[in-house]
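Thanks for sharing this one. Here are a few friendly notes to read alongside the model.

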Amino acid sequence: MSTPMDTLNTAWMVWDSLAPAVKGAVLEYTRELEKFLAEIERRAFRMAQVALRDSDDALDVVQDAMIKLTRNYASRPSAEWRPLFYRILENGIRDLQRRRTVRKRVMTWLPGPKEDPDNEAQDPLENVADAAPAIPEKLMQAEAMQRLEESLRALPARQREAFMLRNFEGMDVAETARAMACSEGSVKTHYSRAVHALREQLGEVW
Amino acid sequence: MSEQHRDAFETRSRALFQDSVDNLDFAMRSRLTQARHAAIEAAGRRAWYLRWTIWTPAVGVTAAAVLGVALWVGSPLGQHATVADGQSNFEDLELVASSEGSGDTMEMLQDDIDFYDFADKAASPDPAA
């Protein structure tokens with residue numbers, strides 16, 4: 001007959017054998033998550049920058065999305081991370097845009113010098129011309145991208161989101177639908193309208 | 001808009017976007033890397049109570065305590081120590097100390113009287129003998 005001490009020893013032995021495996025699994029998915037974030041962070045940042053027109057704000061929403069993903073969804077299968085991340089990111093972008101709208105309304109009622117909140121954090125050195133000679137082709141590309149960004153900002157939020165996720169991020173319709181929390185049919189409609197509107201704005205020669 | 005034009009537009013816009021991503025300056029790349037590390041670290045800090053390294057000893061001690069209590073309650077010694085039906089141990093004490101004539105007490109008393117009677121007879125010689 002086994003004594004209570006034998007039972008305790010067995011329990012400890014089982015626990016000791018399981019603990020490293022659990023710790024290893026946690027470490028493994030943390031590493032995988034960091035790899036995933038490293039892979040998408042630049043594209044996500046650029047998308048946020050296109051939507052918000054501000055590098056610092058874009059960086060903030062990207063970091064927020066990273067934190068929320070790692071805190072709340074790290075244990076989900078890695079295949080779900082991308083749509084989840086972009087859903088969090090888009091929510092962050094919309095929240096910030098709403099706050100800006102409210103701030104703008106309040107600022108118009110307040111006395112004093114009127115400032116455009118979008119430009120208040122702008123670094124004056126950013127407007128200084130680069131000393132290196134610009135290659136014409138690069139310049140043309142930069143200009144074309146700038147026009148595309150302006151046209152994207154003019155789109156309704158859902159169309160912009162569908163276009164960026166499908167075209168820039170390369171998501172398929174199903175994944176985009178999960179990221180946008182809507183049906184696949186809606187994704188197709190938003191995307192098609194976005195392409196049509198962009199083509200009209202940018203012209204056939206773009 | 002023809003399908004061909006549409007494809008060309010999609011390809012060009014994708015290429016331009018990718019180009020702008022690739023040309024992000026070093027400072028911004030570095031800030032993104034810092035943001036990523038901060039996010040991973042912040043998530044780790046918040047979830048400290050979920051870490052197995054912290055829970056391992058705590059869960060072990062709790063399990064040992066629960067097991068100990070279970071074994072104690074299950075053992076005959078533990079059962080004797082428990083009070084059934086809300087009765088107090090003082091009631092048991094009263095029964096033992098009570099001088100009211102219960103059958104057992106009288107029987108014990110009777111045994112003692114017989115013994116003392118026998119001892120008295122054995123000690124003193126029979127006057128008839």
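1. A definition first, as the burial figure depends on it: a residue is called buried if 20 or more other C-beta atoms lie within 10 Å of its own, with C-beta atoms placed from the backbone. By that rule, 28% of the 206 residues of chain A count as buried. Please keep in mind throughout that this is a predicted model.

2. On the overall make-up of chain A: there are seven helices and zero strands. Followed along the sequence, the pattern of chain A reads α-α-α-α-α-α-α. If we take the contacts in chain A between residues at least 6 apart in sequence, 61% of them join residues at least 24 apart.

3. Now to the contact between the two chains. How many residues does each chain bring to the contact? Chain A supplies 37 residues and chain B supplies 31 residues. On the side of chain A that touches chain B, the elements giving two or more residues are α1 (4-52), α2 (55-72), α4 (136-154), α5 (157-168) and α7 (184-202) of chain A. Of these, α1(A) gives the most, with 19 residues. Sorted by class, this side of chain A has 21 nonpolar, eight polar and eight charged residues.

4. One helix pair across the chains deserves its own point. α4(A) packs with helix α1 (residues 3-22) of chain B at an angle of about 110°, and their axes are 10 Å apart. Angles of 65 to 115 degrees count as roughly perpendicular, and α4(A) and α1(B) are therefore roughly perpendicular to each other. From α4(A) come Gln141(A), Ala144(A), Met145(A) and Leu148(A), which meet Ser13(B), Leu16(B), Asp19(B) and Ser20(B) in α1(B). The residues of this contact comprise four nonpolar, three polar and one charged.

5. Within chain A, have a look at α6 and α7. How do helix α6 (residues 173-180) of chain A and α7(A) cross? Their axes come within 8 Å and cross at roughly 95°, which makes α6(A) roughly perpendicular to α7(A). On the α6(A) side the residues are Val173(A), Ala174(A), Thr176(A), Ala177(A) and Met180(A), and they meet Glu184(A), Val187(A) and Lys188(A) in α7(A). By class, this contact has five nonpolar, one polar and two charged residues.

6. A last remark, to tie points 3 and 5 together: α7 of chain A is met by α6(A), and α7 is also among the elements that give two or more residues to the side of chain A that touches chain B.

Key: Residues are numbered from 1 along each chain as its sequence is written. Chains are lettered from A and ligands numbered from 1 in the order in which they are written. This is a predicted model: local features need pLDDT of at least 70, side-chain atom pairs count only at pLDDT 80 or more; totals for chains, interfaces and linings use all residues. Two residues are in contact if their C-beta atoms, placed from the backbone, lie within 7 Å. Helices (H or I, at least four residues) and strands (E, at least two) are DSSP runs, numbered from the N terminus. Ala, Val, Leu, Ile, Met, Phe, Trp, Tyr, Cys and Pro count as nonpolar, Asp, Glu, Lys and Arg as charged, and the others, Gly among them, as polar. A residue is buried if 20 or more other C-beta atoms lie within 10 Å of its own, exposed if 12 or fewer, and partly exposed in between; C-beta atoms are placed from the backbone. Axes are lines fitted to C-alpha atoms, for helices over the stretch in contact, and angles run from 0 to 180 degrees between N-to-C directions. Angles under 35 degrees count as roughly parallel, over 145 as roughly antiparallel, 65 to 115 as roughly perpendicular and the rest as oblique.
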